[in-house]
Amino acid sequence: MSENLIHSTAIIGNKVELGSNVRIGPYSIIEDNVQIGNNSNIKNFVTICKNTRIGKDCEIFHNCSIGEIPQDLKFKGERTMTIIGNRNKIRESVTINRGTEALGETRVGDDCLLMAYSHVGHDSVIGNNVVMANMSTLGGHVILNDGVSLGGGVLVHQFCKLGTQSFIGGGFRVVQDVPPYILAAKEPLKYQGINSIGLKRRGYDQKTRKDIKEIYKIVFGTKMNINQAIIEIKNKFKDSNHRNMILNFIENSKRGII
């Protein structure tokens, strides 16, 4: 890597591995045992803490804190990690805490957008193509599956799980699991329909979107309990990826669904 891509005021620790064409801006700090992939751009006043792995083509904006110790009183200094994938945009003042011994890592997938002031708590796992809007916050041990989108100021309670392609309206709280493909809003959080726009953008055809909508009519639009709804869905809908995704999510929910 060319020296002129590292600003003279940046501080680089020991055992730091930088790919080619990595840029590190003024007053940024890269602590020990950090890896940063090719073509990533670390802007000014960014702190990347030890034991952090960042993939290629990432852009981390001003004043971010990546991989700092967990905000968890049980943390006793054990060696844990923060792992961030490729092509992520992490905007101003984002904070991402590394894992505890419970999981050992906090992980962000590929092609995500974390907007300004969003927070990723320890041991959380974020999939691919996830969007967290400004000031959205994840407690510890949260799972956001692929394609999840959080509106501004969304608060996600620890240990909650959000299914693939789900969308949470801005300013609402998530205290139970959110099944795949749906749009949720209001207080307390409620099903508001399927995430039609998101599903179209991700290439889900009209028949698939219709099936998903009909499945959720059974879950949320009848007086059946969850067990009865599961049986009805299995009887009424043929085996398919989206049907199985919904059923597996509901059947394996530990916090219960919204």
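**Aromatic pairs**

I counted aromatic pairs in this predicted model and got five. I opened the pair of Tyr191 and Phe220, which is stacked. Its ring centres are 4.5 Å apart, and the planes differ by 10 degrees. I then asked which elements the two rings come from. Tyr191 belongs to strand β27 and Phe220 to helix α2, so I had to check the separation along the chain, which is 29 residues. The pair therefore counts as a link between distant parts of the chain.

Next I looked up accessibility for both partners. Tyr191 is partly exposed at 22%. Phe220 is partly exposed too, at 26%. Both values fall between the 20% and 50% cut-offs. I also found that Tyr216 joins Tyr191 and Phe220 in one aromatic cluster.

**Helix α2**

Phe220 led me to α2, which covers residues 206–220. The helix has 15 residues. I took its span from first C-alpha to last and got 21 Å, close to the 21 Å expected at 1.5 Å a residue.

At the N-terminal end I looked for a cap and found Asp205. A side-chain oxygen of Asp205 lies 3.3 Å from the backbone nitrogen of Lys207.

Which residues of α2 are buried? I listed Thr208, Arg209, Asp211, Ile212, Ile215, Tyr216, Ile218 and Val219. Tyr216, a member of the aromatic cluster, is thus on the buried list. I noted the general rule beside this list: an α-helix has 3.6 residues a turn, so residues three or four places apart point the same way.

What do these buried residues pack against? I found two strands, β26 (182–185) and β27 (190–194). I also found three helices: α1 (196–201), α3 (226–236) and α4 (241–251). Strand β27 is also where Tyr191 sits.

**Cysteines**

I searched for disulfides and the count was zero. Why is Cys64 without one? Its closest cysteine sulfur, in Cys58, is 12 Å away, which is too far for a bond. The cut-off is 2.5 Å. Cys64 is buried, with a relative accessible area of 2%.

I checked Cys160 as well. It is in no disulfide, and the nearest cysteine sulfur, that of Cys112, is 19 Å away. Cys160 is buried at 0% relative accessibility.

**The nine-stranded sheet**

I traced an open sheet of nine strands with parallel pairing. The order reads β1-β4-β7-β10-β13-β16-β19-β22-β25. Which strands are at the edges? They are β1 (11–12) and β25 (173–174), and each pairs on one side only.

I zoomed in on one pairing inside the sheet. Strand β7 (residues 47–48) runs parallel to β10 (residues 65–68), and two bridges join them. Ile48 stands opposite Ile66 in β10. My side note on pairing: strands of a sheet pair through backbone hydrogen bonds, either parallel or antiparallel.

**Strand β11**

I asked whether the faces of β11 (residues 81–84) are buried or exposed. Both faces are covered. Met81 and Ile83 are buried on one side, Thr82 and Ile84 on the other.

Then I followed the partners of β11. Strand β8 (residues 52–54) runs parallel to β11 and is joined to it by three bridges. Thr52 has Thr82 as its bridge partner. Strand β14 (residues 105–108) is joined to β11 by four bridges, also in parallel. Ile83 stands opposite Arg107 in β14.

**Leu113 and Asn129**

I finished with two single residues. Leu113 is in strand β15 (residues 113–114). It is partly exposed, with a relative accessible area of 26%. Leaving aside neighbours within four places in sequence, I found Leu113 in contact with Lys89, Arg91, Val130, Val131 and Met132. I also took a long-range distance: Leu113 and Ile11 are 102 residues apart in sequence and 26 Å apart C-alpha to C-alpha.

Where is Asn129? It sits in the loop between β17 (125–126) and β18 (131–132). Asn129 is partly exposed at 27% relative accessibility. With neighbours within four places left aside, its contacts are Asp110, Asp111, Cys112, Gly147, Val148 and Arg202. Asn129 lies 34 Å from Ser8, C-alpha to C-alpha, with their positions 121 residues apart in sequence.

Definitions and conventions: Residues numbered from 1 in each chain as written. Predicted model: local features only at pLDDT ≥ 70, side-chain atom pairs only at ≥ 80, totals over all residues. Heavy atoms only, no water. Pairing = 2+ DSSP bridges. Expected span 1.5 Å × (residues − 1). Buried < 20%, exposed > 50% of the residue type's maximum accessible area, 1.4 Å probe, protein only. Contact = heavy atoms within 4.5 Å. Polar contact = N/O pair within 3.5 Å; in protein donor to acceptor, adjacent residues only side chain to side chain. Phe/Tyr/Trp six-rings, centres within 6.5 Å; stacked < 30°, edge-to-face > 60°.
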